[in-house]
Amino acid sequence: MKYAKKDAKAHARTHMKGIWAAALTPFTDSLAIDEGGFRVNIRHWLDDLKIDGLFIAGKQGEFFSMSLEERKRSFELAVDASAGRGQTIMSCSDQNMDVVIDLARHAQKVGADYIVVHAPILHFFKAQDETVYEYYRTIAEKVDIGIALWSHPDSGYLLSPQLCNRLADIENVVAIKYSVPRPMYAELTRLAGDRILVSTASEEDWLDNILELGWQLYLCSSPPYLIQTTSDLRMREYTDLALRGEAERARAVRDSLNPVREALRGTRPAEKPHAHQKYWQELLGQVGGRVRPPMLELTEAEKAATRTAFEQCGLNLGAALAKAC
């Protein structure tokens with residue numbers, strides 16, 4: 001770690017900023033982690049696409065289909081490939097707290113910058129604030145690394161802004177990925193924005209959140225490497241413009257990406273988000289690979305529809321990639 005536990009919040013405030021992307025994990029035809037492909041993607045994302053940090057082994061990364069050792073290995077690969085290029089935040093989410101703590105300690109040991117832990121699924125609970133508070137407090141007590149909270153409807157409930165405000169007082173809680181309606185994350189920003197970095201996964205709201213809420217961190221999903229190419233860095237461009245206060249120019253650049261967003265949304269089968277994004281990666285020249293069961297692969301018809309939309313969406317692919325496509 002590059003900081004002491006007592007300095008976690010200050011370190012994050014200084015260094016945890018810009019565009020962070022949630023990495024998909026490429027699997028080979030035999031369904032092993034494609035370690036070489038993963039390294040190639042990470043270097044491309046950080047070097048060519050100018051992404052600031054990577055969220056490893058989360059839902060996008062299919063952590064739910066990976067063994068404990070595979071999750072740890074993905075941490076090691078990401079730290080090594082990111083060295084000198086960008087930062088990392090490792091998803092340690094699990095229903096078993098011992099697994100969460102084991103993963104957190106491994107992330108800390110191998111040199112990750114931060115960890116993120118999803119709020120647990122609490123079966124039969126209708127009131128969960130004290131349980132969740134103790135959950136995060138216990139994890140934070142066991143490790144020194146900076147922790148990002150993560151609240152999403154998948155848990156069956158959402159953390160309230162008031163509970164998150166309490167959690168923000170924990171020494172090494174530094175951020176939150178808050179996948180909730182905008183009024184909730186705006187309220188949390190008002191309550192606790194001086195103690196934790198508030199963010200959400202919506203790329204379409206990112207610009208407004210910079211300009212209206214003063215955010216410094218996009219944490220995070222796959223758009224940073226799906227709607228950009230080496231020759232077309234419009235997300236990076238509008239982000240930098242917004243952070244400099246050039247709102248009108250930033251909005252124009254952001255809005256120019258609407259055809260790309262629509263191409264992605266309009267061709268993504270509801271049950272196949274991972275396979276669809278991995279195929280889009282392949283069209284971009286990245287390493288996509290297989291999804292693991294029970295996730296479903298795209299049909300040839302779905303691939304054809306995606307390919308047509310991709311070719312018409314207006315991304316600048318550059319001469320080499322355009323020729324390959």
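Let's start in a loop: Pro294 is found in the one between α13 and α14 (300-312). This is a predicted model, and in it a cis peptide bond joins Pro293 to Pro294, with omega at about 10 degrees. There is another cis bond to look at, between Leu219 and Cys220, where omega is about -20 degrees. Cys220 isn't in a loop, though; Cys220 lies in strand β8.

**The sheet**

So what does β8 belong to? Eight strands form an open sheet, and if you walk across it you meet them in the order β7-β6-β5-β4-β3-β2-β1-β8, with parallel pairing. β7 (197-199) and β8 (217-221) are the edge strands, and each has a single partner, so one side of each has no neighbour in the sheet. From one strand to the next, the twist averages 20 degrees. As a bit of background, strands of a sheet pair through backbone hydrogen bonds, and they can be parallel or antiparallel.

Now zoom in on β1 (residues 18-22). Is this strand mostly covered or mostly open? It's mostly covered, with five of its five residues buried. On one side, β1 pairs with β8 in the parallel sense over three bridges, and Gly18 stands opposite Leu217 of β8. β1 also pairs with β2 (residues 53-56), again parallel and over three bridges. Here Ala21 stands opposite Leu54 of β2.

Over at the β7 edge, three bridges join β6 (residues 173-178) to β7, and the two run parallel. Lys177 has Ser199 in β7 as its bridge partner. Helix α1 (residues 8-15) packs on the sheet and touches β3 (87-91), β4 (114-118), β5 (146-151), β6 and β7, with its direction at about 55 degrees to that of β6. Helix α7 (residues 182-192) packs on the sheet as well, touching β6 and β7, and its direction makes about 165 degrees with that of β6.

**Two helices side by side**

Two packed helices are described by the angle between their axes and the distance between the axes. For α11 (residues 247-256) and α12, the angle is about 35 degrees and the axes are 5 Å apart. Arg254, Asp255 and Ser256 of α11 meet Asn258, Pro259 and Arg261 of α12. Sorted by class, that contact has one nonpolar, two polar and three charged residues.

**Pockets**

Here are the two largest pockets in numbers.

| Pocket | Volume | Lining residues | Lining by class |
|---|---|---|---|
| Largest | about 650 Å³ | 28 residues | 12 nonpolar, eight polar, eight charged |
| Second largest | about 260 Å³ | 13 residues | seven nonpolar, three polar, three charged |

Which residues of the lining are closest to the centre of the largest pocket? They are Gln60, Ala201, Ser221, Ser222 and Arg268. At least two lining residues come from each of α8 (203-213), β8, α9 (223-226), α12 (258-267) and α13 (273-283). In the second largest pocket, the residues closest to the centre are Phe63, Ser93, Gln95, His118 and Ile121.

**Two unusual backbone angles**

Leu31 has a positive phi of about 70 degrees although it is not a glycine. Leu31 sits in the loop between β1 and α2 (35-48). With 21% relative accessibility, Leu31 counts as partly exposed, because the buried class stops at under 20%. Lys50, in the loop between α2 and β2, also has a positive phi, near 60 degrees, and isn't a glycine. At 42% relative accessibility, Lys50 counts as partly exposed.

Methods
Residues numbered from 1 in each chain as written. Predicted model: local features only at pLDDT ≥ 70, side-chain atom pairs only at ≥ 80, totals over all residues. Heavy atoms only, no water. Pairing = 2+ DSSP bridges. Helix = DSSP H or I, 4+ residues; strand = E, 2+ residues; numbered from the N terminus. Axes fitted to C-alpha atoms, helices over the stretch in contact; angles between N-to-C directions. Contact = heavy atoms within 4.5 Å. 1 Å grid on protein atoms, 1.4 Å probe; cavity = no way out; pocket = protein on both sides within 12 Å on 5 of 7 lines; lining within 4 Å. Points joined across faces, edges and corners; volume = space filled by probe spheres on them. Nonpolar A, V, L, I, M, F, W, Y, C, P; charged D, E, K, R; others polar. Buried < 20%, exposed > 50% of the residue type's maximum accessible area, 1.4 Å probe, protein only.
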